[in-house]
Structure formats: structure tokens, C-alpha cells
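User: Please take a close look at one helix residue in this model and describe its surroundings, and then carry on to the other helices and charged pairs that can be described.

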Amino acid sequence: MSWAGKVLRVNLTNGTCKSEPLNMEWAQQYLGQRGLASKYLAEEVDPKVDPLSPANKLIMTTGPLTGTMASTGGRYSVVTKGALTGAIACSNSGGYFGAEMKNAGWDMIIFEGRAPSPVYLYVENDKAEIRSAEGIWGQSVWKSEEMIRHFHQDPQLRIAVIGRAGEEGVKFACVVNDSHRAAGRSGVGTVMGSKNLKAVAVRGTKGVKVKDFKAFMEATNAAKAILASNPVTGQGLPTYGTQVLMNVINETGALPTRNHRDVQFEGASKISGEAMHEKRLTDGKPNLVKNQACFGCTIACGRVSMLDKTHFSVSNRPEYWGASGGLEYENAWALGASTGVSDLEALTFCGFLCNEQGMDPITLGTTIGAAMEMFEQGTITEKETGGIKLTFGNAEALCQVVEMTGKGEGFGREIGLGSKRLCEKYGHPELSMSVKGQEFPAYDSRGIQGMGLTYATSNRGACHLRSYTVSSEVLGVPVKTDPHVTEGKAELVKAFQDATAAVDSSGLCVFTTFAWGLQDFASMLDAACEGGWTMERLAEVGERIWNLERKFNNAAGFTAADDTLPKRLLTEAAKTGPAKGLVNKLGEMLPEYYKIRGWTPDGMPTNETLARLGL
């Protein structure tokens, strides 16, 4: 129970949809969502495949607790070989799409091949049909959702869709659901576009069954009480969203600024969660309209914002005057501090554009920051940008380039390569702030040492959500550790990685881990699912998933040489703040990490480790 027990296999080349039973032996080993879909991918796809070839597969996947009454039970993931990185990719999203898919009776939808012309998938409970996307292809995320709902005359359809960016081959295109929730990283939307798959529209009314309803309700109610009483999940995130971190991380001296040249941004307070609450001088209204929750969520960290109608970005564009998805910490940082722009309204507009056209704002903003540095060096000139003065702090230039990138036009096509390919093209690969081809999120690892090891070893490229040691190193959850030292960080990173892999496979949101431990997840899973779930078993499942992903990447051609950081972070010391004078000391942490992982000195899981984990 709790697993629906069914997989929908869609062959886009042949135009067929077939139901098959979920591999329950694998479900007991990998749980669901991230873990289980990664197992399917590893079994069915050659790790050396071209991510954009028909031989790659794209899997939309739920967890056993997706669609249940557990708090945050709305999560789903998109798993594939990433277009941006060439590594295994798993991008997680909230909203309502995942719960709808599970309520339609599907644990997973596996897309194979490539459609000869643009299509979308329509699912209504057990019924699945491939439909023509003629007339929808070429439209934005928002317009596509509107057109599909109108055609089916069903306002309750839940839709996951790519925008122009995914169609145009932007390497960091994402899959957007519910207008402004996204499976955002690694180019999963690019893979979807390469398959001529525009959207997936789902209506589900079957419900989700659990093993022991009474025990499940007791476990979920107890877990919800923990979330409500926790200062982060009960107060900070509902009030300010993830933007509660902007001023905190800036004061910590770990806010990457102007392509990681600096670790503090003088304009941070102007683009923070607090700033979103302040009334504007122009119209007397705040940027923030309200907070918003995903399916079943009792935290409600989402932001809904409304732009200043007199702002240069939208003054003559009423289509952007309505309320829509507001800034989170990561996109406010990437579009703001990373580019030196402190105009809150400009950043909000750029965030709207990312949702509208389906782009990962982290890679987008970081790539623009790299381009700005090369522009100031003279490597990129107005000849390449089409007359745009792409200097740090130029809000107008930022808005122009973001819009061009989403549509695959002009210099935007260059930005659409991502920073690794862009910087290599212009002869400055050292200016790409990335690992395995994926750009850093909003934490400078000179000021938070554990995050350097997190980034270097992440299986999907630089990522904070694979091991959020910020929780311990800055926020003191579950225990406070010193962000400036390397001692103990290898163990800390491994523990976070394994636990997070299990959480990502459950169907619930990783933000709950500010308050919950693995025992809380185990209690809910054991009441909902067959198999006997304990905290220890979940930790082992997480370790198995991590090693499976590593094994896939090794087979794809990644080695220990890819477990590194840009030279800037290893040799250029932080200039200001509490971490002044520090570089990241990855070399002190990585060998110890390999050892406690049970890997060889060159980063390969040993035969003993593989055997212990059933790999």
C-alpha cells in the first residue's frame, strides 16, 4: 500500500502508452521517487548516452507518501541524464502535479524515444493518451497551461510543461508545474523538449491508500505538531520563505557576489525577505502579496508577489501586472547578488520570466554573472551582446538578457549554454562557478567549508539540496558546527547526503528536515507502507541510492578529477566578513570523505561497499 503499484510507459516514437506493475523488489530497496526512478534509469539507460538522443529516458516519479495526508506530500521528481551536466539528474518539484499523478494511480511515468512531432500526454486515472501539441508548441508555460485546460474544459487539470527555453535547447530548461513550481535543475526540461514532449496533463480521482490508517494519522499528526512548533518551519519559512536567509548568509560572509569575486553583497537587504514585506514608495504596496503552500503542506514557504506597475520592466506590459510566483532565496541571489543587481522589482520580473519560459534561475543568474565578468574584462563586448552594456549592477541589461535567453534570441542563445560552455567558448573556463557543469547555489564555500565538499561530491553537479550542511554550520540544526573548520565535515556531509536521498525518495519535502529526523519519516512510512520501515533502514536506503548514482556517473565517464571546485574558491581568499582570509580547504576533506564512504582513493565504490549495499 501507499505505492500505487503501477508504472505508465510511454513510447513517444511509436505513440504507445502501456501500464506495467511497479517493481516492488526495487521499491523495497530504493523506496520511491528519486531512488526508485534512478534505479530504473540505471537499469534501462546506457550511462554514456547523449542526453538529447531518443535513447535517453525521462521519468516523472512520485514517492510512497506523495498524495497522502502527510505534511508536504505533494512532491514529485523528474529523473534523466541531465542535458546541462551529462550526469544523472533528479529535479524535485512541489505544487499539486505530483499528488494528482499519484491520485490517478501512477507511481511513475517513463518516457522513451522521441515523438515525430510535438505532443503532450493526457492522463485521466487509468486512461492515457498521446495528443498533438500543434498550436501549443512555441507557447510559454503560462499560455500552454491555459490552452490545455481550455481544450479539455477542466480547470482542475494539473499540468507539467516546458516553455520556449525547453524547445529552444537552453541547457538549463526546467519542467514547470502549477505555473510557478519547477523541477528546476540540470536541464531536465531540455531533455523533455528534445523528445518533442510539450506537457503532461493529469486528472486523478482514485485516492491513495495506506497500510494502517489509524497509525498513519497518529504519525502524521505528531509530525505536523513538530513542524508547527519549530522556529524555522513554524515561523521563519511561513513568514519570509527561504528568503529569510538572504541577510543571514550575507552576515555570515558566505553570499557569493559578482560571480564569487566577493562573499558579501552591499545590496542584500534591498532584495531580502524583509524587503519583500516593505511598502513601496510608488504605490504604497509591498512586493509580497501572500505566502502559499504546496499540496498538503503545513509550512507554506511559497511566495506570491505583484510587481510595481510603474517599474521600467513592466510599465507598458499589463500581462505581468497580476500576482504570480515571487522570489525565493536562490533566485533572488542568483539574479541579484551574483549579478550585482539590487533592484527587487527587476529581480521579481526576471523570476516571472523564468517561470513563464521554464528556466533554472540558479544557472541562468550565475551564467549571466560570468558573462558580466567577461564583459568587464573585455572578453565579451557589445558586438557579442547586441549593444547591451552587460555590466555588474545593470538591472536593465539583466532583464533584457533574461528575456532573450527564455526565447532563444540574440545573446540569450549564448547564455543558454550555461556558464561552463560559455566560459570555455570565450577562453576563460576558470570563470565558470560550477561543478560537473552545474552552477553553484547561494552559499560561498569559503565561508561554509562543508558546502565545498557538498558541491564537489554532489552526484548531479553543484547542489545545496543534496547535503545542506548550512543547516548545521550556520543554523545549528540538528547540532551547531563551526563553518570555518574542516574537522568532522566528511562525516557530516555523508550523513546529510544519505538522509536527504531517503527523504527525496519518500514523496515529502526536504524542508521538513529542519524539524524532523529520520525517525519521523520512518514512523509515517511504516504506517503507510509494507516492509517494516525504521530509521536505520532509511539511512541504508539513502546510502544505497547515493552509491547507485555515483556508479552511474562513473560509468558515464566522471572520475575523482571531477570532484573539485573552481580555482577561485581554492586559491582566492574571502575579502570580507567572518571568513575573511579563508579559502575552501577541499583537499583536507575529500580523502577522508572517500574513506568513510567506502570508496577507493580515486573515488570508486569498492567491491565490498557495492556488495554490502546490493549493488
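Analyst: Val188 is found in helix α6, which covers residues 188-194. The model is a predicted one, and in it Val188 has a relative accessibility of 0%, so this residue counts as buried. Leaving aside neighbours within four places in sequence, the residues in contact with Val188 are Leu58, Val78, Thr80, Ala89, Ser91, Ala173, Val175 and Ala183. Of these contacts, Ser91 can be placed by its backbone as well, since the C-alpha atoms of Val188 and Ser91 are separated by 7.3 Å although the two residues are 97 residues apart along the chain.

A second buried helix residue is Asn355, whose place is in helix α12, residues 344-357. Its relative accessibility is 14%, and therefore Asn355 counts as buried. Not counting residues up to four places away in sequence, Asn355 touches Val141, Trp142, Val176, Ser179, His180 and Gly325.

For helix α9, the picture can be drawn for the whole element: α9 is mostly covered, with six of its eight residues buried. Those buried residues are Leu245, Met246, Asn247, Ile249, Asn250 and Thr252, and what covers them includes α10, α11 (329-337) and α19 (470-473). After α9 comes Gly253, which has a positive phi, near 80 degrees.

The loop that lies between α9 and α10 leads on to the charged pairs. Lys575 forms a salt bridge with Asp262, and the closest N and O atoms of this pair are 3.5 Å apart. Because Lys575 lies in the loop between α23 (567-571) and α24, while Asp262 lies in the loop between α9 (245-252) and α10 (273-277), the pair ties together parts that are 313 residues apart in sequence. The two partners fall into separate classes of exposure: Lys575 is partly exposed, with a relative accessible area of 48%, whereas Asp262 is buried, with a relative accessible area of 18%.

Another salt bridge joins Arg258 to Glu266, with the closest N and O atoms 3.1 Å apart. Here Arg258 is buried at a relative accessible area of 15%, while Glu266, at 60% relative accessibility, counts as exposed.

In the salt bridge between Arg550 and Asp563, the closest N and O atoms are 2.8 Å apart. Arg550 lies in helix α22 (residues 535-556) and Asp563 in the loop between α22 and α23, so this pair ties together parts that are 13 residues apart in sequence. Both Arg550 and Asp563 are buried. Elsewhere, salt bridges that share partners join Arg9, Glu20, Glu44, Lys57 and Glu112 into one network. Counting a side-chain nitrogen of Lys or Arg within 4 Å of a carboxyl oxygen of Asp or Glu as a salt bridge, the count comes to 44 salt bridges.

Charge also gathers at the surface, where Asp482, Glu487, Glu491, Glu588 and Glu592 form a patch of negative charge. Among them, Glu592 has its place in helix α24, residues 586-597. At 31% relative accessibility, Glu592 counts as partly exposed, and because a patch is made of residues with over 30% relative accessible area and no salt bridge, this value bears on the place of Glu592 in the patch.

Notes: Residues are numbered from 1 along each chain as its sequence is written. This is a predicted model: local features need pLDDT of at least 70, side-chain atom pairs count only at pLDDT 80 or more; totals for chains, interfaces and linings use all residues. Side-chain values use heavy atoms; hydrogens and water are left out. Patches are made of residues with over 30% relative accessible area and no salt bridge: like charges are joined within 9 Å, nonpolar side chains (Val, Leu, Ile, Met, Phe, Trp, Tyr) within 5 Å. Accessible areas come from the Shrake-Rupley method with a 1.4 Å probe; for residues, only the protein chains shown count as cover. Lys and Arg count as positive and Asp and Glu as negative; His and the chain ends are not counted. The place of a charge is taken as NZ of Lys, CZ of Arg, CG of Asp or CD of Glu. Helices (H or I, at least four residues) and strands (E, at least two) are DSSP runs, numbered from the N terminus. Buried means under 20% relative accessible area, exposed over 50%, partly exposed in between (1.4 Å probe, protein chains only). Contact means heavy atoms within 4.5 Å.
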